[in-house]
Structure formats: C-alpha cells, structure tokens
Amino acid sequence: MKKIFSRPESLTPAPHLYCAGCGHGIIHRLVAESIDELGVREKTIAVAPVGCAVFAYDYFNFDVTEAPHGRPPAVATGIKRVLPDRIVFTYQGDGDIAAIGTAETIHAANRGENITVIFVNNANYGMTGGQMAPTTLIGQKTATTPFGRDAKRDGYPLHLCELLATLKGVAYLERVTVYNPKHIFNAKRAIKKAFQNQIDGKGFSLVEVISQCPVDWGMTPLDSVAWVKDVFIKEFPLGVFKDI
Amino acid sequence: MKTLLKGNIALCEGAIAAGCKAYFGYPITPQNEVPAHMSRRMVELGRVFIQAESELAAINMVLGASVTGTRAMTSSSSPGISLKQEGISYLCGCELPAVIANIQRGGPGLGNISGSQGDYFQATKGGGHGDYRMIVLAPDSVQEMYDFAFQAFGLAEKYRTPVMILSDGVVGQMMEPTELTTHCEQTLPAESRNWILDGCANRKPRAVKSLMMADGALEQHNWDLKKKYDRIEANEVRCETVNIDDADIILVAFGITARIAKSTARTARSRGLKIGVIRPVTLWPFPTAIIAAAAKPGRKFLVAELNMGQMVEDVKLAVNGQCPVSFIGRPGGGILDDDALLKKIAEL
C-alpha cells in the first residue's frame, strides 16, 4: 500500500499547545516537511525563541536549543561558525526578531551568516497576552494599545524584510502567509528555498510568515483569517524582497 | 624560556593553548589587546573569530558555540560585562561551559579606563538573574593570566558551567616575563559529551534549554545545580597564603591588590612587623575555611581592595567575629601602595 500522507519525521507526536486557529502549527509542519524533503534532519540544529514558539524543542524531532529573548541570530551564528556543515535555523516571533533582537538580526544578516530564519509575524506578543509588537498595525488594539496603536505615541509598524533588503549580506527575503491552502503551498516553497539556500552556501535567508493569532486578537479563527486577508497583508505586502 | 608579554596577550595565548576554538568579542578599554590579538591568531590557526555587534551578541555567540561542545570564550571590561550578565545566567541555567574574562575598569557607569576591582560583587554574587554561582579566578600576574586562561576551559567543562577570569586593567596592561608551557590540548571524554548538539545522527534529538515549566521541574533543576555548586566548593577552592603562622596582622587581598599586599608584607617584616597575607585565588568558591582557621584570638585582619569594600564582607563572614576586620580601599581607578597600607597597619 502506498503511503500518501503522514506526520513528517521532523515533527514529534507531541500535541501542540498552540491556540485553536494559530498559524504556528502549520508553520512548524512546513519547516518539518522541508527538512525531511531535503534529507537534513540529522544535521539540523534549531534555535527556539522566547515567545509562543519557545516549546519548539517539544515539537521538532531534531536538536534544538533556546536563546535569550531576541538573541537567536547570535546563538545561531555561534553554532554555524563552529559547525559549518550543519543546518542551523532560528524560529522567531515579531517581538523577538524586530524589537528586543533588532541588533542581532541586522548584524547576522549583514555578516551574511549562512543560516535560515523563520520569522512569524502575528502583529502582537502572543505568549505574554497580546501586547503591542513592532509589527502591530496603526489603530490595532492590543493589551498595551487599548485605544489602538497611535503612530505619535507608539511609532509605526516595522517592515523587517524591506529594512533588511538594503543589506549586502542578505541572500533571500520573502514575505508569505498561511491563511489559506494556496498561500500555505507558497509558504512551503519559500521555506524550503530558504533551507536549500543554506545547503548551497548562499548566505542569510529569511522567510517572514504573516500568521493569525485569533485568541490575542480577540477574534474567531475565521475572523482572524479574514483580517489577515483584508487588513494585515495590505500593510505587509507579500512577495520577494531579495533573491540573489 | 620566558617571553615578555602583556597580561591581555598572555590571556589570549593561554586560551589558544587550551584549544579555545572560537572567540567572540567587542572593543572596550582596557581589554582591547584581546580581540585585536585574537583577530590575528585565531584566523591564522583556522579557528573562529568574530567582532560581534555588542557584548550581548558576543556572549550569545559563545552560548551557541558552547551548545555544540566547542571551547569558546569572550572578554570585555566592566560596562561590557554588565551586558553579558543575561547570557551568563542562561549559560548557568543551560549548564554550558564557557570562559569569560573581565579586565575590570573603574565604575559605576562608564567610569574610567583605569584598573579597578569594583566588579567583585557582580562576579561572585551573581550579576544576572536567578540562583546561580560562577567559578571566579583572580590572576595577580601575567603568568597567571596565561595559566588561568588555560585552566578555565577544563574547569568549565568539568562542571558544565561558565568560568570568569576576574582580572583588571593593571594586570591586563602590565608586562612580565611569562613561561608559555607547552600544554597538551585537553579534550572531553566521549561520555562527557552526551549533552552536546551536533545533529541527531545515530541518536535521539537533544534539547539544551533553561525553560522548565513542568510542575517542580525548575525547583529540582535548582537543587541539582546546588549539588554541583557544593561539589565545586568542596573541590576547587584555591588560595595562596604567605607567612600567616606567626602573623599578628593578616592582609587579605585578591588580584593586583594581592601583589601590592605581598610587597607591603615583605617591607613590614623587614621592619620587624609580623604581617601575613591570605590571597583568595578563587573568589568563588571563596576560601572561607582557610580564613576561618586563621581567625585566632589576638589577630587582626586588614582587607585591601580597589573598591569601597566588597570582598571584606566575605572575609567578615569567614572570620565570624573571632577577630577584628578592618578595610582599606580605593575605588574608581585609585591604586593602593606600600605607604598607604603601612600607614593603615600602623593605625590598627
């Protein structure tokens, strides 16, 4: 009998603790499928962030360490420089990668570290209860922007792909989303490419995945999908920002 | 054969002799010779050197290299060491070996660039968050910069814990003849590498982490760390004593101040004063038992430090009221000398 569908070997059977409707489960699966298909599970070392994905070591069936908040690109740099033939990736949220870890992100990118970065942008700090993130939209209500994000007080949504696109060390930047099957297939292609780039020694590759966070957005899963489609990706346009 | 070397260079060469495979640093005076020397030597040797974007990034690069079981180090001076405290706490929580050198300068804040000893509390009491301890070695010569850098890697791996070399701008900048002994590189036996992350080929995947959310898991982890710290306290105390058997007054000092204290004690002896010196070499674990044993009625203790009085608290705890304990210190880059110490001794 031909097996046509199963759990990727790179995922453990552990049930996810992510909220109903959250995009992390889908993104974990896309990462795991990519690593399986590239045949690098036994060479992979992941760096988990502080944030919702901090339990990544329970879900991924390969070596995982965890970094202080915002520092995954520095930790990944240390790993990759001493073990250049391993596949090293970070999995980070918007607060981790674009607020507290901005310096680590920009400089790992600018050094052209040959690592893969999976950046999950859900426009808020999910783990701590839905506070404003650097990517929170203007007017968006969060636990710390109860009247909506006000540019005068809180600044503007930070567009990381656009920011990093100016750096010579960067090989690949793409923004994708996972709110419907068509986009999930496209996200898979981008994520796999970001790992293939590392295998090929091309340098710093980052995929930003626009993801839904229904519980902290105060929405049903279906409403959160509609908000991604109608509002979120209008502020954060999908596409390739760099591909050398 | 001895070579005339600067303390900071000796530190580098000791680390290189120990098989340090990766160095991550950031410029700050008075430790700039370390990243500068490493940037040339490590590259020549085919090892890893990165000038990081910050001390935060540097300590986390060390964490990444250490996760793979690779010998790695960073260095900085006081303000930069403050930035590394987050990483030190994670290294302790994750039980990762690492070597961190602090070539202390005057503080607080930006302070100045003179040698000082104001970071004793930060190094020995835990500058980062959580219940942890860190082995702290205090060299008082260029030779010891070399020797302690070499030995620190083995200690760090033996206990899977960070080791700090708490030096200062004086020892870092001064030049002395140094014996560069031809050490063999130590390596961890295979059974001691059963925690490293290098890809899960032919074994189950591993996790290196400090987050422990299951009921009671973190408390148990802390108790396990405590047992390790107790072993370190039982086995790793290092202390130098000079002429304490007949001493009426015992000077207690570490690092560069111990060099000054030993000189003062010699001068005092030549004038008929019975002065001894106790020099803690490990600041943690602290030589409490040695000081307690020396705290005999009729004796006086004088603690000398280049700060406003930090180690003196640990000396008082060890002496436990058996003898009077006095203090002389100079903070903010001031240096003690024989005259100041002899004057203080005369007042006791």
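How many Å separate the centres of domain 1 of chain B and domain 2 of chain B, taken over C-alpha atoms? The answer is 26 Å, and before I go on I should say that this is a predicted model, in which local features need pLDDT of at least 70, side-chain atom pairs count only at pLDDT 80 or more, and totals for chains, interfaces and linings use all residues. Residues are numbered from 1 along each chain as its sequence is written, while chains are lettered from A and ligands numbered from 1 in the order in which they are written.

In chain B, domain 1 covers 2-195 + 224-235 and domain 2 covers 239-347, with bounds that come from an automatic or database domain assignment. Their contact takes 27 residues from domain 1 of chain B and 21 residues from domain 2 of chain B, where contact requires C-beta atoms, placed from the backbone, to lie within 7 Å.

Let me turn to chain A. Strand 7 (residues 170-177) of chain A is largely enclosed by the rest of the structure, because 8 of its 8 residues are buried, meaning that 20 or more other C-beta atoms, placed from the backbone, lie within 10 Å of a residue's own; strands here are DSSP runs of E with at least two residues, numbered from the N terminus.

Strand 7 of chain A pairs in the parallel sense with strand 8 (residues 204-210) of chain A over 7 bridges, pairing being called when DSSP finds at least two bridges, and A:Y172 stands opposite A:S205. Strand 7 of chain A also runs antiparallel to strand 9 (residues 239-243) of chain A, joined by 4 bridges, and there A:E174 has A:V240 as its bridge partner.

Terms used. Two residues are in contact if their C-beta atoms, placed from the backbone, lie within 7 Å. A residue is buried if 20 or more other C-beta atoms lie within 10 Å of its own, exposed if 12 or fewer, and partly exposed in between; C-beta atoms are placed from the backbone.
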